[in-house]
Amino acid sequence: MTENVTVTNPEIKTLLDNYFEVIHAQDMNLFDKVFHKNSCLYSAQDGNLVLRPYDIYREIVAGRESPAQLGNTRRDKVLMVDQISPTLALAKVQLEMFGGIMQDYLNLVYLDGQWWVMAKMYERVGDAA
């Protein structure tokens, strides 16, 4: 089993905690504090690129039943954080949703006095228990 790593930057820790809450409960006010308005979501599914800019991703999240509403247990982990400068970091996280185990790479940027998710790459890596 993969273990949580300790996140030493308290602002990045808060952002990741908020990210997990957004994905689990789909609090759209919190979504707007986690994802930068210029952020984008990426994946490759069935050999096709999935590219969702902020507005499209926000609409999808707002329009679906949340894992919390579906009774999914919140199981999330921070697998890695690499802060390469005062304004850039990369986080690898894992969570469960909709019957799957997901791993995400989150590109984090410090702008306007706070950390934001600027890009998200995700992949389903297994089935939830």
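**View 1. D76 and R74 in a salt bridge.** In this predicted model, D76 is partly exposed, with a relative accessible area of 21%. That figure lies just inside the class, because buried means under 20%. The side chain of D76 meets that of R74 in a salt bridge, with 2.5 Å from N to O. R74 also counts as partly exposed, at 33% relative accessibility. The contact belongs to a network of salt bridges that links E21, R74 and D76. Over the whole structure, a search finds seven salt bridges.

**View 2. R75 and E96 in a salt bridge.** The closest N and O atoms of R75 and E96 are 3.0 Å apart. R75 is in the loop between helix 3 and strand 3 (76-83), whereas E96 is in strand 4, so the pair ties together parts that are 21 residues apart in sequence. The two partners fall into separate classes of accessibility: R75 counts as partly exposed at 40%, and E96 is buried, with a relative accessible area of 18%.

**View 3. K120 and D104 in a salt bridge.** Here the side chains of K120 and D104 meet, with 3.9 Å from N to O. Strand 6 holds K120 and strand 5 holds D104, so this salt bridge ties together parts that are 16 residues apart in sequence. K120 counts as buried, at 5% relative accessibility. D104 is buried too, with a relative accessible area of 2%.

**View 4. The largest cavity.** Two cavities of 30 Å³ or more are counted in the model. The largest has a volume of about 60 Å³. Its lining consists of F20, I23, H24, T73, R74, R75, D76, L95 and E96. Helix 1 and strand 4 are the elements that give two or more residues to this lining, and helix 1 provides the largest share, three residues. By class, the lining of the largest cavity has four charged, three nonpolar and two polar residues. The salt-bridge partners R75 and E96 are both among the lining residues, as are R74 and D76, which form the salt bridge of View 1.

**View 5. The second largest cavity.** The volume of the second largest cavity is about 40 Å³. F35, S39, C40, L41, R52, P53, Y54, Y57 and K120 line this space. Strand 1, strand 2 and helix 3 are the elements that each give two or more residues to the lining. The largest share, four residues, comes from strand 1. Six of the lining residues are nonpolar, two are charged and one is polar. K120, one of the residues lining this cavity, is the partner of D104 in the salt bridge of View 3.

**View 6. The largest pocket.** About 240 Å³ of space lies in the largest pocket. There are 17 lining residues, and R64, M97, F98, M102 and Y122 are those nearest the centre of the pocket. The elements that give two or more residues to the lining are helix 1 (10-25), strand 1 (35-45), helix 3 (54-62), strand 4 (88-97), strand 5 (100-111) and strand 6 (114-127). Ten residues of the lining are nonpolar, five are charged and two are polar.

**View 7. Q26 and F98, two residues with positive phi.** Q26 has a positive phi of about 55°, although it is not a glycine. This residue sits in the loop between helix 1 and helix 2 (28-34). Q26 is buried, with a relative accessible area of 9%. F98, likewise not a glycine, has a positive phi of about 50°. Its place is in the loop between strand 4 and strand 5. F98 counts as partly exposed, at 36% relative accessibility, and is one of the residues nearest the centre of the largest pocket.

**View 8. A nonpolar patch on the surface.** Y42, L49, L51, Y105 and M121 form this patch. Together these residues have about 510 Å² of accessible area. One of them, L51, lies in strand 2 (residues 48-53). L51 counts as partly exposed, at 46% relative accessibility. That value satisfies the patch rule, because patches are made of residues with over 30% relative accessible area and no salt bridge.

Key:
Residues are numbered from 1 along each chain as its sequence is written. This is a predicted model: local features need pLDDT of at least 70, side-chain atom pairs count only at pLDDT 80 or more; totals for chains, interfaces and linings use all residues. Side-chain values use heavy atoms; hydrogens and water are left out. Patches are made of residues with over 30% relative accessible area and no salt bridge: like charges are joined within 9 Å, nonpolar side chains (Val, Leu, Ile, Met, Phe, Trp, Tyr) within 5 Å. Accessible areas come from the Shrake-Rupley method with a 1.4 Å probe; for residues, only the protein chains shown count as cover. A salt bridge is a side-chain nitrogen of Lys or Arg within 4 Å of a carboxyl oxygen of Asp or Glu. Buried means under 20% relative accessible area, exposed over 50%, partly exposed in between (1.4 Å probe, protein chains only). On a 1 Å grid over the protein atoms alone, a cavity is a set of points where a 1.4 Å probe fits but cannot get out, and a pocket is an open set with protein on both sides within 12 Å along at least five of seven lines; lining residues have an atom within 4 Å of a point. Grid points are joined across faces, edges and corners, and a volume is the space filled by probe spheres set on the points. Ala, Val, Leu, Ile, Met, Phe, Trp, Tyr, Cys and Pro count as nonpolar, Asp, Glu, Lys and Arg as charged, and the others, Gly among them, as polar.
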